[in-house]
Amino acid sequence: MIMMKKLVVAAALAAATFAALPAGAATYVEAGGWTPREILFGKQYNGNVNAIRVDRGGVDRHTYPMQVIYPTGNSMRLAQAAVTEDPSLSAALEVRGIAVHNVLWVETAFNGGKIVYYR
């Protein structure tokens, strides 16, 4: 119990420290290195694109759109065309190592970002 309280206090102090950093310092990335923010919160390639890998037997499969669960040739062509027409979206997928032919469906989120489902 005491160890858990120490862990919570340490996490709160770390979060407060990184929240106080100026925006320029928090986004600085060295070649081949990770910033403390990326270590704690993960590396973000493009804040406006969320890529979701679809597995055949995944537990979350029932929450996916129907075009992802049962992809057709037409829906996949539409999604892949959307990727190729948007340079920022194709760049974000290229950084993640996702080939365009693996894209199943592309949605627009409420905040204007893109959600890409791929296999």
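Visitor: What makes helix α6 a neighbour of the strands, and at what angle does α6 run to β1?

Guide: Helix α6 (residues 87–96) lies across β1, β2 and β3, contact meaning heavy atoms within 4.5 Å. The helix runs at about 50° to β1; axes are lines fitted to C-alpha atoms, for helices over the stretch in contact, with angles from 0 to 180 degrees between N-to-C directions. Helices (H or I, at least four residues) and strands (E, at least two) are DSSP runs, numbered from the N terminus. This is a predicted model, in which local features need pLDDT of at least 70 and side-chain atom pairs count only at pLDDT 80 or more, while totals for chains, interfaces and linings use all residues. Residues are numbered from 1 along each chain as its sequence is written, and side-chain values use heavy atoms, without hydrogens and water.

Visitor: How do you know that β1 pairs with β3?

Guide: Two strands pair if DSSP finds at least two bridges between them. Five bridges join β1 to β3 (residues 114–118), so the pairing criterion is met. These two strands run parallel, and alanine 51 has valine 116 of β3 as its bridge partner.

Visitor: Why are β1 and β2 called edge strands?

Guide: The open, mixed sheet has the order β1-β3-β2. Strands β1 (49–53) and β2 (103–108) each pair on one side only.

Visitor: What makes aspartate 55 and arginine 53 a salt bridge?

Guide: The term requires a side-chain nitrogen of Lys or Arg within 4 Å of a carboxyl oxygen of Asp or Glu. Here the closest N and O atoms are 3.4 Å apart, so the pair qualifies.

Visitor: Why is aspartate 55 called partly exposed?

Guide: Buried means under 20% relative accessible area and exposed over 50%, with partly exposed in between (1.4 Å probe, protein chains only). Aspartate 55 has 40% relative accessibility and therefore counts as partly exposed.
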